[in-house]
Amino acid sequence: MEYSLIIFDADGTLRYCTVEGQPCPNRAGEWELYPDVIKKLAPFDWTHPGEESGVGYGIASNQGGVGVGYFSEDTAMQLLEDTFREAFGFSPAEGTIKMCPHVPHTGCGCRKPDPAMLNNLMKLYGEPAERVLFVGDRDADRNAALNAGCDFQWASEFFNRDPE
Ligand SMILES: [Mg+2]
Ligand SMILES: [Zn+2]
């Protein structure tokens with residue numbers, strides 16, 4: 001299947017937290033890319049929203065630590081942008097990084113498994129769900145893809161990585 005848009009989860013998919021016992025990075029210096037990420041992403045002809053050919057890209061990340069007060073929304077977005085730049089080798093276009101900053105179980109409507117972040121990225125690129133893949137590492141990711149109607153692949157499969 002040739003996809004026109006591939007969306008990635010961040011934590012546990014593109015990057016891991018280097019602080020023991022902490023699930024997600026709270027500040028710069030607390031994360032690293034998985035070693036297979038740059039090599040796997042490099043061959044794609046990534047394209048920005050509004051361009052004709054190539055494959056669109058995006059990130060859809062739950063960042064509940066913002067709502068809990070571990071770090072600010074600005075910091076969370078900065079860390080996601082840094083992660084993207086290191087993984088893809090260029091800066092993400094505006095609107096291509098989606099984040100839910102809300103604590104779980106508040107009915108915010110954007111936290112995965114709700115499909116809003118995926119839907120917004122599909123809308124940004126004008127791509128129908130049939131041509132979209134979401135790559136993630138949690139059941140909430142898989143269910144978000146189901147709810148959005150797009151395909152899903154586990155990060156371990158996409159990156160040929162041993163499941164954790
Ligand atoms: Mg994850
Ligand atoms: Zn939310």
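**Exercise 1.** Identify the acidic partner with which Arg27 forms a salt bridge, and state whether each of the two residues is buried or partly exposed.

*Solution.* Arg27 pairs with Glu30, their closest N and O atoms being 2.9 Å apart, where a salt bridge requires a side-chain nitrogen of Lys or Arg within 4 Å of a carboxyl oxygen of Asp or Glu. Arg27 is partly exposed at a relative accessible area of 45%, whereas Glu30, at 10%, is buried (buried is under 20% relative accessible area, exposed over 50%, partly exposed in between, with a 1.4 Å probe and protein chains only). The model is predicted, so local features need pLDDT of at least 70 and side-chain atom pairs count only at pLDDT 80 or more, while totals for chains, interfaces and linings use all residues. Residues are numbered from 1 along each chain as its sequence is written, chains are lettered from A and ligands numbered from 1 in the order in which they are written, and side-chain values use heavy atoms, leaving out hydrogens and water.

**Exercise 2.** Determine which residues supply the protein donors of the magnesium ion (ligand 1).

*Solution.* The donors are Asp9 (OD), Asp11 (O) and Asp137 (OD), lying 2.0 to 2.1 Å from the ion; donors are N, O and S atoms within 2.8 Å of the metal (3.2 Å for Na, K and Ca), and since water is not among the atoms, sites may look incomplete. Asp9 is buried, with a relative accessible area of 5%, whereas Asp137 is partly exposed at 27%.

**Exercise 3.** Find the salt-bridge partner of Asp141 and the network to which the pair belongs.

*Solution.* Asp141 meets Lys112 at 2.9 Å, N to O. Asp141 is buried at 2% relative accessible area, and Lys112 is buried at 4%. Salt bridges with shared partners join Asp9, Lys112 and Asp141 into one network.
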